[in-house]
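Student: I have a model open and would like to understand the labels people put on it. Could we go through how each one is earned?

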Amino acid sequence: MTIGDISPKKERKSRRSKHVVDEKAPLLPKRQDEAGGYDEFNGASFTGAVFNLSTTIVGAGIMALPATMKVLGLILGIAMIVFMAFLTDASIEFLLRFSRAGKSTSYGGLMGNAFGKYGRIFLQVCVLVNNIGVLIVYMIIIGDVLSGTSSSGVHHAGALEGWFGEHWWNGRTFVLIVTTLGIFSPLACFKRIDSLRFTSALSVALAVVFLVITVGIAIIKLISGTVMMPRLLPDVTDLTSFWKLFTVVPVLVTAYICHYNVHSIDNELEDSTQIRPVVRTALALCSTVYIMTSFFGFLLFGDATMDDVLANFDTNLGIPYSSLLNDAVRVSYAAHLMLVFPIVFYPLRLNMDGLLFPYSRPLAQSNTRFACITAGLIAVIFLGANFIPSIWDAFQFTGATAAVCLGFIFPAAVTLRNHHFIATKKDKMLALFMIVLAVFSNAVAIYSDAYALFKKNSGAGPRA
């Protein structure tokens, strides 16, 4: 995986046969040719890698994008989605270029190369905070969609309750236990990320199902003349509306975060030279889904678009079979998140192992360690989603910080550190821009979340 290999064919061969022990990069299992049961793996395919990376990108954030169009307008909103895709591509290129130069096979190894042991540990902690938070939020959303929620003081029936009535077996806790034992746990037991390529393909397909339903409804309402012309530019009338434009920055900045899985996918590719086309194909696919979801979601609901557009599908859409379409959207989205879960869980487990056992043999070679870490993390996520009511509020703050660090601050910091003297002046200027954007985005996100939390708590106080 070094720069300067003459023949891709030779590189593919060396990637299958060599076993490198890098104490600075304990996060990823190396090729397991000597370990029993892995000899048949000849490398991941291009298509499988694209689906895995696309699934890492398209998580719950897709539902917040139509609301950014309400604030920015279609022209500026779509332009920002495209701009963030290019910026993400540049940050991943920094990661891969400096990883090749330092012969690092993991994100943690790259940070350890540039900033020593504490740089690696800081990266691992950020992955833990970000991914545990994301997976808890996924589990909460799945519970809300299937079993309903009363968190706002008003009970919203879930899909199962709406179909079969209220029973013990479609209660929130039981549904999540079944989902955890029947779906999350089996999918979390794969030792290679490439083994998730089929579930990742299905996950992307389910996101497309949501998109197709939204497009279909929008076209029907457009033909019937019940859809207004969407706003093309932001509506700025005073200082307050101007500052409101910046509240969507955190949503856009974190829309493409997938950096913690790039090395895992790269390490398993049959031909490592394909990783750049894989990244660009995945970003192009996700950008297309994002743009169409944002455009048709905003076209359909206009200024009534909620911060989470899924909430708009809890009302009468004003067309035949509205209830059936609402259920199809909500259930397909819940199923999508179930299949995103293992792809986000995979780097979480590797980084937890790297943090606790930095000098042990690769995790895939130790079944006991693998099983214990997997079971422990799933238990923590389940308990957090079911029994800690305020945990979502906490992760709004920590998650925003960890995500921008993983996506932009760390790749930019590695570039500015320039440990191998390969960064150009243009690279350093772009890295500085990434850091400024990430810090600004994080500050806005923390301020917005704190303000919303303050208003919610003050509004929930005793009434006279």
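Student: What makes aspartate 89 and arginine 280 a salt bridge?

Tutor: Happy to start there, and please keep in mind that this is a predicted model. The closest N and O atoms of aspartate 89 and arginine 280 are 3.5 Å apart. The cut-off for a salt bridge is within 4 Å, so the pair qualifies.

Student: Why is this pair said to tie parts of the chain together?

Tutor: Aspartate 89 sits in helix H4 (residues 74-102) and arginine 280 in helix H12 (residues 275-301), so the salt bridge joins parts that are 191 residues apart in sequence. Arg276 also belongs here: Asp89, Arg276 and Arg280 are linked in a network of salt bridges.

Student: Is aspartate 89 buried or exposed, and how do you know?

Tutor: Its relative accessible area is 12%. Buried means under 20%, so aspartate 89 is called buried.

Student: What makes arginine 172 and aspartate 144 a salt bridge?

Tutor: Their closest N and O atoms are 2.7 Å apart, and that value is within 4 Å, so the pair meets the definition. This pair too links distant parts of the chain, with arginine 172 in helix H7 (residues 172-188) and aspartate 144 in helix H5 (residues 107-147), 28 residues apart.

Student: Why are arginine 172 and aspartate 144 given the label partly exposed?

Tutor: Arginine 172 has a relative accessible area of 24%, and aspartate 144 has 21%. Partly exposed lies between the 20% and 50% limits, so both residues get that label.

Student: How do you know that aspartate 194 pairs with arginine 197?

Tutor: The closest N and O atoms of aspartate 194 and arginine 197 are 3.1 Å apart, so the 4 Å limit is met. Aspartate 194 is buried at 6% relative accessibility, whereas arginine 197 is partly exposed at 27%.

Student: How many salt bridges does a search of the whole structure find?

Tutor: The search finds nine salt bridges. As for why such pairs form, side chains of opposite charge can pair when their charged atoms come close.

Student: Let's turn to the helices. How do you know that the span of H12 agrees with what is expected?

Tutor: H12 has 27 residues, which should span 39 Å at 1.5 Å a residue; the end C-alpha atoms are 38 Å apart, so the two values agree. Just after H12, glycine 302 takes a positive phi of about 60 degrees.

Student: And how does helix H8 (residues 197-223) compare with its expected reach?

Tutor: H8 also has 27 residues, and from its first C-alpha to its last it reaches 39 Å, close to the expected 39 Å. Glycine 225 follows H8, with a positive phi near 80 degrees.

Student: What makes valine 236 a loop residue, and what is it in contact with?

Tutor: Valine 236 is found between H8 and helix H9 (239-244). Leaving aside neighbours within four places in sequence, valine 236 is in contact with Ser241, Phe242 and Leu245. At a relative accessible area of 42%, valine 236 is partly exposed.

Student: Why are cysteine 126 and cysteine 405 not called a disulfide?

Tutor: The sulfur of cysteine 126 is 4.6 Å from that of cysteine 405, its closest cysteine sulfur, and this is too far for a bond. A disulfide needs the sulfur atoms within 2.5 Å, so the pair fails the test. The whole structure holds zero disulfides.

Student: Which label for accessibility do cysteine 126 and cysteine 189 get?

Tutor: Cysteine 126 counts as buried at 6% relative accessibility. Cysteine 189, with a relative accessible area of 47%, is partly exposed. Across the protein chain, 53% of the 464 residues count as buried.

Student: What is the confidence like, and where is it lowest?

Tutor: The mean pLDDT of the protein chain is 83, and 85% of the residues reach 70 or more. Confidence is lowest in helix H1 (residues 8-17), at a mean of 43, and highest in helix H2 (residues 46-57), at 94. Over residues 1-14 the pLDDT is below 50, and it stays under 50 over residues 16-39 as well. Where pLDDT is low, the predicted coordinates should not be read in detail.

Methods: Residues numbered from 1 in each chain as written. Heavy atoms only, no water. Salt bridge = Lys/Arg side-chain N within 4 Å of Asp/Glu carboxyl O. Helix = DSSP H or I, 4+ residues; strand = E, 2+ residues; numbered from the N terminus. Buried < 20%, exposed > 50% of the residue type's maximum accessible area, 1.4 Å probe, protein only. Expected span 1.5 Å × (residues − 1). Contact = heavy atoms within 4.5 Å. pLDDT = per-residue confidence, 0-100.
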